[in-house]
Amino acid sequence: MLIGYARTSTLDQEAGLEAQVRDLKALGCERVYQEQVSSVAVRPQLAEALSYARAGDTLVVTKLDRLARSVIDLGTIIAELERKGVALRIENLGVNTSKPTGKFMLNVLAGVAQFEREMMLERQREGIAKAKAEGAYKGRKPTARAKSDEIQALAAQGLSMAKIATQLGIGVGSVHRALKAAKQPTTQA
C-alpha cells in the first residue's frame, strides 16, 4: 500500500498543502496524512502514518524537506521504517529505498540538504548582524503589544487567557504578559 505524507510549516501555506495532497493521491496513495506544523515540532500525523504502515508498504512524500529537516531526524524516521519493513519514496528526487541504490542516494541527498539549510541559516544570521550594525534591523513587530487593548477588553468579558490567545492568534504567554503589564502602575516623570 502507498501511504502519503504531506506537511507545510505554516497555515499560510494552505495551497502548498493542497497541492501535495493532490499529487500524492495522483501517485496512487490510498491514505494521505497531512498537517501544518514545523518539521521540528511534534508531528502527530507523521506519527500516525508511521504507526499505520505495515511491512511491504511504502511511505511517499513529494519532497524530502516535507519529511525531515535534519539528517538525524531523517535517520530516525528511516530506522523506524526499516524496522517495520516499510520503504520510503521521495517523488521529486526519484528515490525509493526499497532498492539499495535508493538507500544510498537518500543518505547522500540528506547530507546535502542539511548542509544547504545550515548554510542558509548562517547567511541569514550574517545578514541580520550586518543590518543591526547599520541600524536597519529592528526585528519583527511585537504583535501582542499591539493587541493589548483587545486583550484587556476580552479579559474584562471574562474570557480565559487560552480563549483570548486563540481568538487573537497569539500565545497564552503573550496574553499573560499583556495583562500583567496593564496592572503595573505607570510612573510619571
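Colleague: Let me start with one residue: which residue in E3 is the bridge partner of Leu-2?

Modeller: The bridge partner of Leu-2 in E3 is Thr-58. Before going on, note that this is a predicted model: local features need pLDDT of at least 70, side-chain atom pairs count only at pLDDT 80 or more, and totals for chains, interfaces and linings use all residues. Residues are numbered from 1 along each chain as its sequence is written, and side-chain values use heavy atoms, with hydrogens and water left out.

Colleague: How many bridges are there between E1 and E3, and in which sense do the two strands pair?

Modeller: In general, strands of a sheet pair through backbone hydrogen bonds, either parallel or antiparallel. Strands (E, at least two residues) and helices (H or I, at least four) are DSSP runs, numbered from the N terminus, and two strands pair if DSSP finds at least two bridges between them. Here, strand E1 (residues 2-8) pairs with strand E3 (residues 58-61) in the parallel sense, over 3 bridges. You can follow the register in the model: Ile-3 faces Leu-59 of E3, and Gly-4 stands opposite Val-60 of E3.

Colleague: What is the order of the strands in the sheet?

Modeller: It is an open sheet of 5 strands in the order E2-E1-E3-E4-E5, with mixed pairing. The edges are E2 and strand E5 (95-96), each of which pairs on one side only. E1 and E2 are joined by 6 bridges in the parallel sense, and Tyr-5 stands opposite Tyr-33 of E2. On the other side of E3, 4 bridges join it to strand E4 (residues 87-90), again in a parallel run. There, Thr-58 has Ala-87 of E4 opposite it.

Colleague: How many residues of E1 are buried?

Modeller: Buried means under 20% relative accessible area, exposed over 50%, and partly exposed in between (1.4 Å probe, protein chains only). In E1, 6 of the 7 residues are buried, so the strand is largely enclosed by the rest of the structure. E3 is covered on both faces: Thr-58 and Val-60 on one side, and Leu-59 and Val-61 on the other, are all buried. For contrast, look at Gln-167 in helix H7 (residues 161-168): its relative accessibility is 52%, so Gln-167 counts as exposed. Between Gln-167 and Leu-88 there are 39 Å in space, C-alpha to C-alpha, and 79 residues in sequence.

Colleague: How many aromatic pairs does the model have?

Modeller: Rings of Phe, Tyr and Trp (its six-membered ring) pair if their centres lie within 6.5 Å; planes under 30 degrees apart count as stacked, over 60 as edge-to-face and the rest as tilted. By this rule there is 1 aromatic pair. The ring centres of Tyr-33 and Tyr-52 are 6.4 Å apart and their planes lie at 50 degrees, so the pair is tilted. It links distant parts of the chain, 19 residues apart: Tyr-33 is in strand E2 (residues 31-36) and Tyr-52 in helix H2 (residues 44-52). Tyr-33 is buried at 5% relative accessibility, whereas Tyr-52 is partly exposed at 27%.

Colleague: What sits over the ring of Tyr-52?

Modeller: A charge sits over a ring if NZ of Lys or CZ of Arg is within 6 Å of the ring centre and within 35 degrees of the ring normal. For Tyr-52, the charged end of Arg-31 does so, 4.0 Å from the ring centre.

Colleague: And how many salt bridges are there?

Modeller: Side chains of opposite charge can pair when their charged atoms come close. The rule for a salt bridge is a side-chain nitrogen of Lys or Arg within 4 Å of a carboxyl oxygen of Asp or Glu, and the count here is 4. One of them joins Arg-43 to Asp-73, with the closest N and O atoms 3.0 Å apart. Arg-43 lies in the loop between E2 and H2 and Asp-73 in helix H3 (residues 71-84), so this pair ties together parts 30 residues apart in sequence. Arg-43 is buried, at 11% relative accessible area. Another bridge has Asp-65 and Arg-66 as partners, with 3.2 Å between the closest N and O atoms. Asp-65 is partly exposed at 25%, while Arg-66 is buried at 11%. Glu-91 and Arg-89 also meet in a salt bridge (3.0 Å, N to O).
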